[in-house]
Amino acid sequence: MMNFAFQQAKDAAQARLGGKKSSGGSSSGGSSGSGSDKDVIVLTDSNFDSVLGKSDDIWLVEFYAPWCGHCKKLEPEWNSAASKLKGEVKVAKVDATTETTLA
């Protein structure tokens, strides 16, 4: 299911770019395993509107709880998706336990 969602996001991004591949988003060098969250944008109550509000980019935003088992299992896949989709789709996360206004 995750691969399907990522492929749909990638296809939408490529269609939006007129079929051109972004120079910064190669899918061949993606990380495996847990991956780093260096490409995941952290959204908060204070930056959510300013970051997403005026953005014309395609976004995938995860609302998660750090204690949630399902969220913990998704994290490495989310990090990997952020790296693979970099330059095509912005991938972000919101900690719903601390950013209660957004959640």
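# Salt bridges, sheet and cores of a predicted model

Colleague: How many salt bridges does a search of the whole structure find?

Modeller: A salt bridge requires a side-chain nitrogen of Lys or Arg within 4 Å of a carboxyl oxygen of Asp or Glu. This is a predicted model, in which local features need pLDDT of at least 70 and side-chain atom pairs count only at pLDDT 80 or more, while totals for chains, interfaces and linings use all residues. Residues are numbered from 1 along each chain as its sequence is written, and side-chain values use heavy atoms, with hydrogens and water left out. Searched as a whole, the structure gives a salt bridge count of 4.

Colleague: Which residue meets Asp-37 in a salt bridge?

Modeller: The contact has an N to O distance of 3.4 Å and joins Asp-37 to Lys-93. It links distant parts of the chain, 56 residues apart, with Asp-37 in the loop between helix H1 (2-16) and S1 and its partner in strand S3. Helices (H or I, at least four residues) and strands (E, at least two) are DSSP runs, numbered from the N terminus. The residue that meets Asp-37 is therefore Lys-93.

Colleague: Is Lys-93 buried or exposed?

Modeller: Buried means under 20% relative accessible area and exposed over 50%, with partly exposed in between (1.4 Å probe, protein chains only). Asp-37, at 37%, is partly exposed. Lys-93 has a relative accessible area of 11%, so this residue is buried.

Colleague: Which residue of strand S3 meets Asp-57 in a salt bridge?

Modeller: The closest approach in this pair is 3.2 Å, N to O, and the partner of Asp-57 is Lys-90. The two are 33 residues apart, Asp-57 lying in the loop between helix H2 (48-52) and S2 and Lys-90 in strand S3. Both are partly exposed, since Asp-57 has 40% relative accessibility and Lys-90 has 34%. The residue of S3 in this pair is Lys-90.

Colleague: Which residue is linked with Lys-38 and Asp-39 in a network of salt bridges?

Modeller: Lys-38 and Asp-39 form a salt bridge, their closest N and O atoms being 3.1 Å apart. Lys-38 is exposed, with a relative accessible area of 63%, whereas Asp-39 is buried at 14%. The network that holds these two residues also includes Lys-86.

Colleague: What is the strand order of the open sheet?

Modeller: Two strands count as paired if DSSP finds at least two bridges between them. S2 and S3 pair in the parallel sense over 6 bridges, and S1 and S3 do so over 2 bridges. The open sheet has 3 strands with parallel pairing, in the order S1-S3-S2. Strand S1 (41-42) and strand S2 (59-64) each pair on one side only, which makes them the edge strands and completes the order S1-S3-S2.

Colleague: Which residue of S3 stands opposite Ile-41?

Modeller: Phe-63 stands opposite Val-94 in S3. Of the 6 residues of S3, 5 are buried, so this strand is largely enclosed by the rest of the structure. Opposite Ile-41, the residue of S3 is Ala-92.

Colleague: Through which helix does the chain cross from S2 to S3?

Modeller: S1 and S3 pair in the parallel sense. The chain crosses from S2 to S3 in a right-handed β-α-β crossover. Right-handed here means that, with the strands pointing away from the viewer, the path from the first strand over the helix to the second runs clockwise. The helix crossed between S2 and S3 is H3.

Colleague: Which element gives the most residues to the largest nonpolar core?

Modeller: A nonpolar core is a set of buried Ala, Val, Leu, Ile, Met, Phe, Trp, Tyr and Cys residues joined through side-chain atoms within 4.5 Å. The largest has 8 residues, including Ala-9, Val-40, Trp-78 and Val-91. With 3 residues, the element that gives the most to this core is H3.

Colleague: How many disulfides does the structure hold?

Modeller: A disulfide is a pair of cysteine sulfur atoms within 2.5 Å. The structure holds 0 disulfides. Cys-68 is in none, and its nearest cysteine sulfur, that of Cys-71, is 3.2 Å away. Cys-68 is buried at 14% and Cys-71 is buried at 17%, while the number of disulfides is 0.

Colleague: What is the relative accessible area of Glu-88?

Modeller: Glu-88 lies in the loop between helix H3 (69-84) and strand S3 (90-95). The C-alpha atoms of Glu-88 and Trp-59 are separated by 9.3 Å, although the residues are 29 apart along the chain. Glu-88 is buried, and its relative accessible area is 10%.
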